[in-house]
Amino acid sequence: MLKDMQFIIEIEDLRKRFGDNEVLKGVNLKVKPSEVVCIIGPSGSGKSTLLRCVNLLEKPSSGKIILEGIDLTQPGVDINKVRQKVGIVFQSYNLFPHLTVEQNLLLAPMRVQKRSREECLEKAEKLLRRMGLIEKMRAYPDQLSGGQQQRVAIARALMMDPDVMLFDEVTSALDPELVKEVLDAMKELAAGGMTMLVVTHEMGFAREVSDRVVFMDHGVIVEEGKPEEIFTAPKNRRTKEFLSRVLTA
Amino acid sequence: MLFVAEINLAQLIDKYFNFKLALEFLPHLLSAARWAIIYTLVGESIGIIIGLVIALARISSFKLLSYPASIYVNLFRGTPLLVQLMFIYYALPYVGINLPPYLAGIIGLSLNSGAYVAEIFRAGILSIPKGQMEAARSLGMSYGQAMFYVIIPQAVRVVIPPLTNEFVALLKDSSLLYVIQVPEIAYRMRSLASASFNATSYTLAALIYLSLTIPLTYFASYMEKRLSRYKSHA
């Protein structure tokens, strides 16, 4: 059914204000099922806020966010239901430090979706094996490297069987040598057909993996297109300036 | 002036730590200490339940919950325990509520420690990085589920040292129960002193309090050091 839908996410004239500061100034974005969209742009451009609006961690000031045909900005929408469909991975991992890897993975599906322990455990083992972390099942987060923690965080989000995955600068806090293992996990996920919205500074990843690249600046989408278009022949001056800064750095 | 000079060391010891009297008083004071500990434990336990409820109400965004909770905290932290105990025991009878000393004592200690514990819990909950609540909510957990399964278990570790210190404070404050005729350490200390015309019971009572509070204080600072190694990631 999802595959038949033309767009899985439709964002229309989305605005978000923090006090006097308007961070999103009318964003329009449509995402097709299984599409991987990378959002790039300077810090403070509103990329993360846009992402956080999609699972309502930030409440939009105005505009529409339509997920699978349902407008999330309407009153009466069950936020907890929506969030089960939209997984998010954060820059700072945010694993639960008092729980083991296994407990981190099992907590939400068992308590929120009321799925059986056996079913969840089977899924957790499958995910961790794919991530190469099966032997860390009983470890606590502080016994893992940053890269391992971030992969556990991805697995934790996938436990809920989301239709969309959001990635908020997930490699920015990692030591350079640990970035690759996390990006590889994301590539595998993209190859498996997951719809992904990725805020990133990893231009190599954006270029290689994404179906579409969106450049944001000052709260609006300045330019979007296929990665080869954006990276080799950007049309907008601000896109050009940004890319020349980050690609030569 | 001359009078002071005439007191020698032997007399001083006889007045403040007469060994024979001390041996005679010790069982009385120890049984009183047992009561002090029981009152404090019960008061602190009920205080923890009250404190958790009040803390959750205080951090709630519903003003209907947070306002009464902060009034409670300010009321019981802003007035002396002595006044609270006297109010419960001596003032409530005017509206027909007559409580036996032990019950008035337990209620007073519980309500009082509840206010202090609430502030400890509130600080503990607020010390957990914001990302933890966001991560829990983003997995579809309700606010209550996130609190119960993610935030409070982490906050409990943070609050163990200050909670131990609060227990020490409450144990010392339990001496005020003597004003409402509860036979705890201070009460026995006074009666033994007036019966013996000797200050030994005061010294002994102080030593008993110290023998209880010093180990607890060390435990609190030990836990503080131990727990600071397990900081959650921001």
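Begin in chain A of this predicted model by selecting strands 2, 1, 4 and 5, which form an open four-stranded sheet in the order 2-1-4-5 with antiparallel pairing. Colour strand 2 (21-31) and strand 5 (70-71) of chain A separately: these are the edge strands, and each has a single partner, so one side of each is left without a neighbour in the sheet.

Next, isolate the pairing of strand 1 (residues 9-18) with strand 4 (residues 62-67) of chain A. The two strands run in the antiparallel sense and are joined over five bridges. For a point of reference, display Ile11(A) together with Ile65(A), the residue of strand 4 of chain A that stands opposite.

Now add residues 47-54 of chain A. This is helix 1, which lies across strand 1, strand 2 and strand 4 of chain A. Viewed against strand 1 of chain A, helix 1 runs at about 120°.

**The second sheet of chain A**

Hide the first sheet and select strands 6, 7, 8, 3, 9 and 10 of chain A. They form an open sheet of six strands in the order 6-7-8-3-9-10, and the pairing is mixed. Which strands stand at the edges? They are strand 6 (86-89) and strand 10 (220-225) of chain A; each has a single partner strand, so one side of each lacks a neighbour in the sheet. Looking across this sheet, one finds a twist that averages 20° from one strand to the next.

Within the sheet, select strand 3 (residues 36-40) and strand 9 (residues 212-217) of chain A, a pair in the parallel sense with four bridges. Val37(A) has Arg212(A), in strand 9 of chain A, as its bridge partner.

Two helices may then be added. Helix 5 (residues 146-158) of chain A packs on the sheet and touches strand 6 and strand 7 (164-168) of chain A. The direction of helix 5 makes about 170° with that of strand 6 of chain A. Helix 9 (residues 237-248) of chain A lies across strand 3, strand 9 and strand 10 of chain A, at about 100° to strand 9.

**Chain A as a whole**

Zoom out to show all of chain A, whose secondary structure comes to nine helices and ten strands. Its C-alpha atoms fill a box of roughly 55 × 45 × 40 Å along the principal axes. The radius of gyration of chain A is 18 Å, in agreement with the value near 18 Å for a compact globule of 249 residues.

**Chain B**

Turn to chain B, which has ten helices and zero strands. With a radius of gyration of 22 Å, well over the 17 Å that the globule rule gives for 234 residues, chain B is more spread out than a compact globule. The C-alpha trace of chain B spans about 75 × 50 × 35 Å along its principal axes.

**The second largest pocket**

Finally, select Lys130(B), Met133(B), Glu134(B), Tyr143(B) and Met147(B) to locate the second largest pocket, which holds about 360 Å³ of space. Of the 15 residues in the lining, these five are the closest to the centre of the pocket.

Extend the selection to helix 6 (101-126), helix 7 (130-138) and helix 8 (143-173) of chain B, each of which supplies at least two lining residues. Which helix gives the most to the lining? Helix 7 of chain B does, with four residues. Coloured by class, the lining shows eleven nonpolar, no polar and four charged residues.

Key. Residues numbered from 1 in each chain as written. Chains lettered and ligands numbered in written order. Predicted model: local features only at pLDDT ≥ 70, side-chain atom pairs only at ≥ 80, totals over all residues. Heavy atoms only, no water. Pairing = 2+ DSSP bridges. Contact = heavy atoms within 4.5 Å. Axes fitted to C-alpha atoms, helices over the stretch in contact; angles between N-to-C directions. 1 Å grid on protein atoms, 1.4 Å probe; cavity = no way out; pocket = protein on both sides within 12 Å on 5 of 7 lines; lining within 4 Å. Points joined across faces, edges and corners; volume = space filled by probe spheres on them. Nonpolar A, V, L, I, M, F, W, Y, C, P; charged D, E, K, R; others polar. Rg over C-alpha atoms; globule rule 2.2 N^0.38 Å.
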